[in-house]
Amino acid sequence: MSEKEKKSKAEQLKEKLFYKKEHSTLTMSDKEQKAADRYCEGYKQFLDKGKTEREAAAAAVEMAKAAGFVPFDKKKTYKAGDRVYRLNREKSVILAVIGKGDIDRGVNLTAAHIDSPRLDLKQNPLYESENIGYFKTHYYGGIKKYQWPSVPLSLHGVIVKPDGSKVTVNIGEDENDPVFMVTDILPHLAEEQYKRPAAKLIQGEELNILVGSRPFKDDKESEGVKLAVMEILNKKYGIVEKDFLSAELECVPAFKAKDVGFDRSLVGSYGQDDRVCAYTALTAILDLKEAPERTAVCVLTDKEEIGSDGNTGLASSYLKYFLYDLAQCMGGDARTMLSASYCLSADVNAAFDPSFPDCFERRNCSKINYGVVVGKYYGARGKSGTSDANAEYIGHIHSTLDKNKVVWQTGELGKVDFGGGGTVAMFIANLNIDTVDVGVPVLSMHAPYEITAKNDVYMAYKAFVTFHKMSD
Ligand code: MN
Ligand code: MN
């Protein structure tokens, strides 16, 4: 009896007609599994190196230069296979590999963001209270504020001095560096705190970062601790308090990226939203061995977590201007090119969390280890704030992924009306580019430590590699 005959008619028909998500571990070969694990070693290094948008942009440019990318000059002429990049204000970067075909046939664009939720220092951050030194903060992006106290923090960013010179700050990452922390009240005295609604368990103005406690010696002045801290900063960076007014300083968790689980199948790290898609999209374009048919473009953008506004975010024109310049220098027509372009908006999706099953609709949510997520739409309150991708384009993407054995799944962002969120997809779709959300499912998204599955990370990389080979 053959295998086929053993199966009942219903079984056979089910196999033919029903859609079934497939677990990546069960569909990947041992060789591919090893490749995924190896790939994530580089990913973890990237996470530790680029904890802010500036650091991630710098790391991306460094990797791009090593892979033969040079600054884009719109007055130059380029040929197939040429590799260029443009850095926008050190916080977002666009890379391109010139394709063989006519530029008017469109480009294949991947877009990921390199900013992550964190605690930014306020303009006047340093103060002293009861002989303890603190920084005032204003949180950036969507955080559960109660998750941020009692976590070791590092300080990253730049301070611009009156003479225009710039100091780069990075304290708390090296093994020998000090770290910083927001304090919380002990449970013994939390009776009143426990009565607060969860969203206010820790409030914005309570996210004050501890920075010192030893006052300036032999001094009758007040604010001795603040003075002592300022003296350290003056010696180390040559700054005075006023220089904080022209600084961008960000506090992020000081933890390193690590394997998670006995089987080491997962990656734990701060900032995987969305550096997981940034790294996979970036390495996919860097790894293009030969000139693709259509010009490959990858943008790593800033400001997604606060709505993409600002001149380093995708609601601004910086990507459009680059694409216009590219079309012009390749002798094409920008509008024709844009209208024929394809985009994968690369951002993470909320993975089903078995400890919180009620937040998800099981048939339409993503799961870790089930591959890269293709999301037709996210948004909130009836698909607001999203680009609801066209069926024709989605169909094209699905069949391309299938043909190239990329394990993929669909995913909405949780149950309808349970919240929701947007990505950069709509800003790119608004340029009249076919756009769909593609990304990695994440557990504990926006927490100080987020979880991804190595197989999904690898499948995202494979999806982006495949996408750049996609023709019209
Ligand atoms: Mn994101
Ligand atoms: Mn996010």
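Which residue coordinates both the manganese ion (ligand 1) and the manganese ion (ligand 2), and how far apart are the two ions? In this predicted model, the residue is Asp273, and the two manganese ions are 3.3 Å apart. The donors of each ion are set out below.

| Ion | Protein donors | Distances |
|---|---|---|
| manganese ion (ligand 1) | His113 (NE2), Asp273 (OD), Asp347 (OD) and Asp347 (OD) | 2.1 to 2.6 Å |
| manganese ion (ligand 2) | Asp273 (OD), Glu305 (OE), Glu305 (OE) and His446 (NE2) | 2.0 to 2.6 Å |

Along the chain, the donor residues of the manganese ion (ligand 1) are spaced H-x159-D-x73-D. Because His113 belongs to strand S4 (residues 107-113) while Asp347 sits in the loop between strand S15 (342-346) and strand S16 (349-350), this pair ties together parts that are 234 residues apart in sequence. His113 and Asp347 are both buried.

For the manganese ion (ligand 2), the donors follow the spacing D-x31-E-x140-H. Here Glu305 is found in the loop between strand S14 (295-301) and helix H9 (318-329), and His446 in the loop between strand S20 (441-442) and strand S21 (450-453), so that the pair joins parts lying 141 residues apart in sequence. Glu305 is buried, its relative accessible area being 13%, and His446 is buried as well, with a relative accessible area of 17%.

Taken as one picture, the two sites meet at Asp273, which bridges the manganese ion (ligand 2) and the manganese ion (ligand 1).

Note on methods: Residues are numbered from 1 along each chain as its sequence is written. Chains are lettered from A and ligands numbered from 1 in the order in which they are written. This is a predicted model: local features need pLDDT of at least 70, side-chain atom pairs count only at pLDDT 80 or more; totals for chains, interfaces and linings use all residues. Side-chain values use heavy atoms; hydrogens and water are left out. Donors are N, O and S atoms within 2.8 Å of the metal (3.2 Å for Na, K and Ca); water is not among the atoms, so sites may look incomplete. Helices (H or I, at least four residues) and strands (E, at least two) are DSSP runs, numbered from the N terminus. Buried means under 20% relative accessible area, exposed over 50%, partly exposed in between (1.4 Å probe, protein chains only).
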